[in-house]
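Dear colleague,

Here is the structure I promised to hand over, and below it you will find some notes on what turned up in it. Please read them with the coordinates open beside you.

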Amino acid sequence: MNAIDRLRNHLETRWVAPAYGSLVLGGIALCFFGAATNTMAGWLYAISGAIAGLLILGAILPAQSLSRLVVRRSPIAPVSVGDRLSLELQIENPTDRAKTLLQVCDRLPHVLSQSPRHAIEVIPPQKTHRWFYSVEAQRRGVYRWHDVQVKTAAPLGLFWCRRDRAIAAKAIVYPTVLPLAHCPLVDTIGREESVQASSNRRYQAATEGVTRTLRPYRQGDPTRLIHWRTSARLGEFYVRELEIVTSGQELIICLDTAATWDADCFEQAVIAAASLYFYAGRAQLKVRLWTASTGLIQGNRVVLETLAATQPGETPTTAEIPPLPLIWLTPHPDALNSLPANSRWLLFSPSLAVSMPKSPDFPGFVVELEKPLAPQLQRSLR
């Protein structure tokens, strides 16, 4: 930005900046005034004075047009990468006079989108104008911005006036969650020593469901659950409510955010972490996510917000990872032989020529960036 642009920006935001037409009129007024001083003709003084008055009026009115406008923002719902982010601004005119010829600019972060502009012809007195627009969310992240600019040159178009409104905004773009039909990386984890899971499955198969309580029959209940002895005694149908026996298998998805990552590799790793977490949840596993800055977390929304905000090179917390089966997502193969029992790993590297350990103790594979991620997460382990 050169000196002229800086001066113009300063005048627009703190007072008014002259438009091209005002400069032309100002030049004409000076010419008439010079001619009047030479000829002492009163009509020339009158013309130059009228033009000067018009310029003064054109400089005062734009600032007054913006003085009492109220700008509000509606909450922004989170979206995933590839979806459209819906935004709404409300521009209220609380005065008794109409506000005309306004331009509104929402100063979005340049990473998210170019700043959109919206022209408003008129806002009637005591009315609110709503501006709806959407932008495509191309990158995950947590985006914050504060400025909404309102600009006008009304009613004469001789001077531009711009005022900034500080309105905090927060938009969350979640990473993509791949719809995995199966994932051997998760399906096979913990089978080697899943004593509790096997015991519970045998217990459930032997009892075919343990009765927790009896309740009156409701339409739609399976007839096989009717408890005939109690029904005969009480004269109405009662059905059994069964205990739900779960395996209790726990799993931790670990994203090595403390490491130094290649940018493309890290984005693929975030997508993989989100996809593995939700697949494990659908598989009825007690799954949690670990990152260097947050430690262990769980809950769909918390995990998505964490993965939206996470960046490589984070400062590690003091919390240690419990000695439970985990899936380690990392760009460095150094720690693959020191993982807890029954763990798995995914190695992300921009080059396949990585220095792998001689004999990793646990199965895993190197993710190939040039190939789609979903088929790789669904391939069998060797």
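A residue is called buried here when its relative accessible area is under 20%, exposed when that value is over 50%, and partly exposed in between. By that cut-off E368, with a relative accessible area of 15%, is buried, while K371, with which E368 forms a salt bridge at 3.3 Å between the closest N and O atoms, counts as partly exposed at 43%. Please bear in mind that this is a predicted model.

As for the chain as a whole, 42% of its 382 residues count as buried, and its secondary structure comes to nine helices and 17 strands.

One open sheet consists of three strands in the order β2-β4-β7, with antiparallel pairing; β2 (70–73) and β7 (127–136) are its edges and have a single partner strand each, so one side of each lacks a neighbour in the sheet. On average, neighbouring strands in this sheet are turned by 20° against each other, direction ignored. Between β4 (residues 84–93) and β7 there are 10 bridges, and N93 stands opposite K127 in β7.

The search of the whole structure found 10 salt bridges. Among them, E88 and R130 meet at 3.4 Å, N to O, and this pair links strand β4 to strand β7 across 42 residues; E88 is buried at 15% relative accessible area, whereas R130 is partly exposed at 45%. A further salt bridge joins E250 and R288 at 3.2 Å, and since E250 lies in β12 and R288 in β13, the pair ties together parts 38 residues apart in sequence. Finally, R8, E12, K151 and R162 are linked in a salt-bridge network.

With best regards

Note on methods. Residues numbered from 1 in each chain as written. Predicted model: local features only at pLDDT ≥ 70, side-chain atom pairs only at ≥ 80, totals over all residues. Heavy atoms only, no water. Pairing = 2+ DSSP bridges. Helix = DSSP H or I, 4+ residues; strand = E, 2+ residues; numbered from the N terminus. Axes fitted to C-alpha atoms, helices over the stretch in contact; angles between N-to-C directions. Buried < 20%, exposed > 50% of the residue type's maximum accessible area, 1.4 Å probe, protein only. Salt bridge = Lys/Arg side-chain N within 4 Å of Asp/Glu carboxyl O.
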